[in-house]
Structure formats: C-alpha cells, structure tokens
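Got a minute to go through a model together? Have a look first, then we'll talk it over.

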Number of protein chains: 2
Amino acid sequence: LNAAKTKPNDLPIRLLGGALFVVPFAAFAWLGGWWFFGLMLAATGLATYELIGLMRKAGHTPSLLIALFTALIAFDVVVLPTISILLFAGVLGLMTTLALELRKPLDHTSSDWALAVSGGLYLGLTGGHLAGVRIFENGLWWLALTCTTTWLADSGAYLVGRSFGKHKLAPRISPGKTVEGYLGGIAAAVLGGMAVGWFAPFGPLGWWFGLAGGMLVGSLSVFGDLIESMFKRQANAKDSGHLIPGHGGIFDRIDSLLWAGVLIYHLHALAVWVTLL
Amino acid sequence: LNAAKTKPNDLPIRLLGGALFVVPFAAFAWLGGWWFFGLMLAATGLATYELIGLMRKAGHTPSLLIALFTALIAFDVVVLPTISILLFAGVLGLMTTLALELRKPLDHTSSDWALAVSGGLYLGLTGGHLAGVRIFENGLWWLALTCTTTWLADSGAYLVGRSFGKHKLAPRISPGKTVEGYLGGIAAAVLGGMAVGWFAPFGPLGWWFGLAGGMLVGSLSVFGDLIESMFKRQANAKDSGHLIPGHGGIFDRIDSLLWAGVLIYHLHALAVWVTLL
C-alpha cells in the first residue's frame, strides 16, 4: 500500500478509488461461493499481470502465459481439498524465503529467489514421480518399463545417429543429436517397451502399455536431456557435476529419466482411470 | 546424457561409472518402498545442488537452501496421495513451458521461465488462501477478520507513524515505514481482531481467535507490502499498475491482504485441528 506516499490533496481521488475497490469486494464477499472465488481469481490474475510487468521493467522477459497458468493451478490447489500439512509448509516456506530476500541488496534478489524456487519445483516434482512409479502395484515392472524405454531411446538415438545421422535436431543446444537418431531412439524405445509389457504382470493388455510407454518416453524424454543442456549452455558447463567418473553429475544421469518417470506415472494413472488396471 | 561427446578411450571409465550408478539403482529399485523413495530423494537433492551450481556459474546467486526446501516439498506432494488432475496439469505445464524455452535465445531463458513460474506460484497460492477463507463455515466472518486486521494494521501504522514515527523500519525498501508505526499497527489489528471475534459466531473462544488473528496479521502482513515494494524497487516503479485511481494497481491493493489470507486460513486450520471449531 502506498498510503504514506500520497499527498493530502489526493484525498478525494483516494476515497473514490477506495470505494471502487471496497464496494465490489464487499458485495462479492457477501455473495460468497463462486462469486467471491471468481473475484479473487480475477484479482490474482490481474496481480500476476502486474508482477510480470514489473519484472519486464526490471529487464527480464518472463512469459505472462506461464505465470497465469501457474497462478491458476496454484490457486485451485489451495481451494480444492488437499494435503494441508504440505500445503502449509509449502506456502509458508515460499513466503518466508521471499521475506528473507528483503535483507539482501536489491539488484537481483527476486530473480535469485525465483531460480531457487522454480529449480527446486522442477526437480522435486519430476523426481517425486520417478519415486512414485515404484510405489504402484507391480512397481518394479513399471520402473523397469520407465528405465528400459529411457535407456533404449538414448542408446538407440546415439547408435542410429552415429551411423545414419544427417539432420541436426537441436544444433544450438545439443549439437550431437540428429533427427535420424531421434527416430531410431523412438523405435528402440517402442520395441523395448513392448518387450517389458509382454513379460510384465500387467494383464492381457500389458504389451499395449509397453507400446504406449515406449512411444511417450521415446518421443519426449529427450526434452529432459535438452532442458538440462540448456542450463549447462547458460553456465558454459560441460557436465552438471563430477559425481560419477566419466558420466558427469547426477543431473546428467537422470535428466531424461525424470521426464520418463512423469510420463509412465501418468500413463499408469490413465490406465487406472479407464479401469484397465 | 553425454554419450555422444565421450571419446572412445573413455570406455573403461564409462563402464565403471555406469556400474557405479546402475548397481545401487537396481538394488534400491529391487528393495522398493522407503529404500527407493530415499534413493530418489537423495538423487533429486543432488541434482538440485548441481542445478543451483549451474545457475551460479551463469551469474545468478540463487539460494541452495530455498531450492532444496522447494524440492523436498514438491517431491512429497507427488508421492503422498493428492488431487491427481491438478498435479497432472501442474507438472505437465511446468515441463511443457520449460521445453518451449528451448526455442528462444539462450541468454536468459531459464531466469525468465523461473520468474514466471515462481511469480505465478506466489500469487496463486496466496490468492487461493484468500478465496479459501470465504469458503469456511461462517466464511464471511473469517473474511471480515482477515480484512479488518489487515486494514487496521495498515491504517494504524500510517497514523501512528505520522505522529510518533522516528525509527525507520525498512529504509531501503519502503522509506515511509517506521518501527513506531509498525507497533501501532499491531495494536490496532489486535483490537480490531478482538472486536470481530467478539461478535462473530465462532463460539465462546471467538475473541481468542480475534486476538491471535490480530497478532499474526498485525505483525506479519506488512511483509506482503514490503515484498511488493521490493519488486517495485527492482523495476524502479511507484505502483504495480493503474487500475484504481489514486491507489495504483490491484497488486498494490491486495499485497498485505494476500499474507493475511494465508495467516487466517491456517489459524482456522489450527483451530479445526485442535477441535476448537
């Protein structure tokens, strides 16, 4: 609030502006239910729009669409019933850490906070899905499907790309990858997925899950790899770390697997939803 | 994965490194349960550590602690039972938007993405709590407690600060605020909260909720204001927007209310938990 900065002769405008805010606020609050829910959602959306505008003035170029999408999801997570203790920890953590940024020099506090929060969110959510795959009934088989398709997609892309690769897939980010390799990786993942599905105790439709998992992981897990490469390019780094000799860091090792975990997790959720499992 | 970049004579080291990763991975996967959960949590934590390291190399200074905390919460949200459709939308949105960053020039893609995600997360979660307060039984009274304490804290701080203010509260961020005003705002919020609690149908302990709400909102909602001021300082902007004449934007108007909504929401949750409501 900017009360302290307003000059006394602004008072009529201030009163009018206050009424413009308080009257609809009070009316929608009185009505309650979806009315107040809708008003708060609109206010949250407008505030997000303004926040992104402020960051653009500060020299960044964040996407309004991404911010509005995230705000919409986060807003609904609170209002619909959920696990209150984690929500409590999550939101208080978010607020506390942002408040702690107030102590620091102002030059790029909010971008540092944003990088920490969103980086942790990306790895925590994707890593959680990878752990979640093992908790399903027959979890070892679902995990085997996840790993087999990921590693075959990666090895298939490498081998096919080395022999037949001509067209670069993402020259700026990962110059070694080719379109031919990418297609070879999908084929390898599909074959490997169908093999796992054939042997797995997933019921008579098991190899369909293998086929679908192979298609999904084969075609999309490369994005986990490319995104990690994007972070490395920005840092001018070859590897994310040096934990594993000859393999770089853990992030290098699990980059594609993180995406595969999410994909197989939701393939399983879909199968449960349509009562195939 | 960096397979394509490795020279042929690295093969023994690559095989050893691969075994170092695959052997414990396979062993923990076989054991399942908390074993695999723990291994994945450790891997996620290490990958977060590496990601923050990469961002530091790129010239940012994100906090490892904030990133690890966020990763821990996000990881647990996935593995424990939750609302699958929002989780599905949330994680796929996070991955899709990050994948779309791959199209852009590399100079500050990840910080732009991070600002959009974390900005939307902050406003969505806090705004959702404000909407949630109205959904409680006697929601209008809980919302009245939220607004009364927030607005009295703000007005009390302004009036007391103007008359008795000597010591600056946060000179770099909001030069108009004083310690004396801050204490006056707490007193006003406590009195207002107790008055609402006295009249509200919260049962015989109602005015205790008012007292606690006034203390919480009076002492902490100013952070919502300061955090918004921090964003504005970075953008060299006076207001977040121009929607309300004389009052700036919506974010200016609801900055403290967002914090108050979260505080009252969880005060209510605590009261329900200890079966006072």
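What follows is a short chat about a predicted model, going from the contacts between the chains to a strand pair and a salt bridge.

Student: How many residues of chain B are in contact with chain A?
Tutor: Contact here takes heavy atoms within 4.5 Å. On the chain A side, 139 residues take part. Facing them, the number from chain B is 140.

Student: How much area do chain B and chain A bury between them?
Tutor: The size of an interface is often given as the accessible area lost when the parts come together. For chain B and chain A, 76% of that area is on carbon and sulfur atoms. The total buried between them is about 13300 Å².

Student: Which helix of chain B gives the most to the side that touches chain A?
Tutor: Several helices of chain B each supply at least two residues to that side, including helix 1 (11-31), helix 6 (139-164) and helix 10 (250-273). The top contributor supplies 26 residues, and that's helix 5 of chain B.

Student: By class, how many nonpolar residues does the side of chain B that touches chain A have?
Tutor: Sort them by class and you get 21 charged and 36 polar residues. The nonpolar count is 83.

Student: And what about polar links: how many residue pairs are in polar contact between chain B and chain A?
Tutor: Salt bridges don't help across this interface, as the rule finds 0 of them. For polar contacts, both residues have to be at pLDDT 80 or more, and the count is 16 residue pairs.

Student: What kind of axis relates chain B to chain A?
Tutor: Chain B superposes on chain A with an RMSD of 0.0 Å, after a rotation of 180° with 0.0 Å of shift along the axis. The C-alpha of chain B nearest the axis belongs to B:Ala114, 2.6 Å from it. The same surface serves both copies, with 99% of the contact residues of chain B recurring in chain A. Put the rotation and shift together, and the relation is that of a two-fold axis.

Student: Which residue stands opposite A:Lys168?
Tutor: Strand 1 (residues 168-170) and strand 2 (residues 174-178) of chain A run antiparallel, joined by 2 bridges. A hairpin through 3 residues connects them. Opposite A:Lys168, in strand 2 of chain A, stands A:Thr178.

Student: Which residue forms a salt bridge with A:Lys177?
Tutor: Side chains of opposite charge can pair when their charged atoms come close. Here the closest N and O atoms are 3.2 Å apart, against a cut-off of 4 Å. The pair links strand 2 to helix 9 (residues 222-235) of chain A, 48 residues apart. The partner is A:Asp225.

Key: Residues numbered from 1 in each chain as written. Chains lettered and ligands numbered in written order. Predicted model: local features only at pLDDT ≥ 70, side-chain atom pairs only at ≥ 80, totals over all residues. Heavy atoms only, no water. Buried area = accessible area lost by both parts, 1.4 Å probe. Salt bridge = Lys/Arg side-chain N within 4 Å of Asp/Glu carboxyl O. Polar contact = N/O pair within 3.5 Å; in protein donor to acceptor, adjacent residues only side chain to side chain. Helix = DSSP H or I, 4+ residues; strand = E, 2+ residues; numbered from the N terminus. Nonpolar A, V, L, I, M, F, W, Y, C, P; charged D, E, K, R; others polar. Least-squares fit on C-alpha atoms with pLDDT ≥ 70 in both. Pairing = 2+ DSSP bridges.
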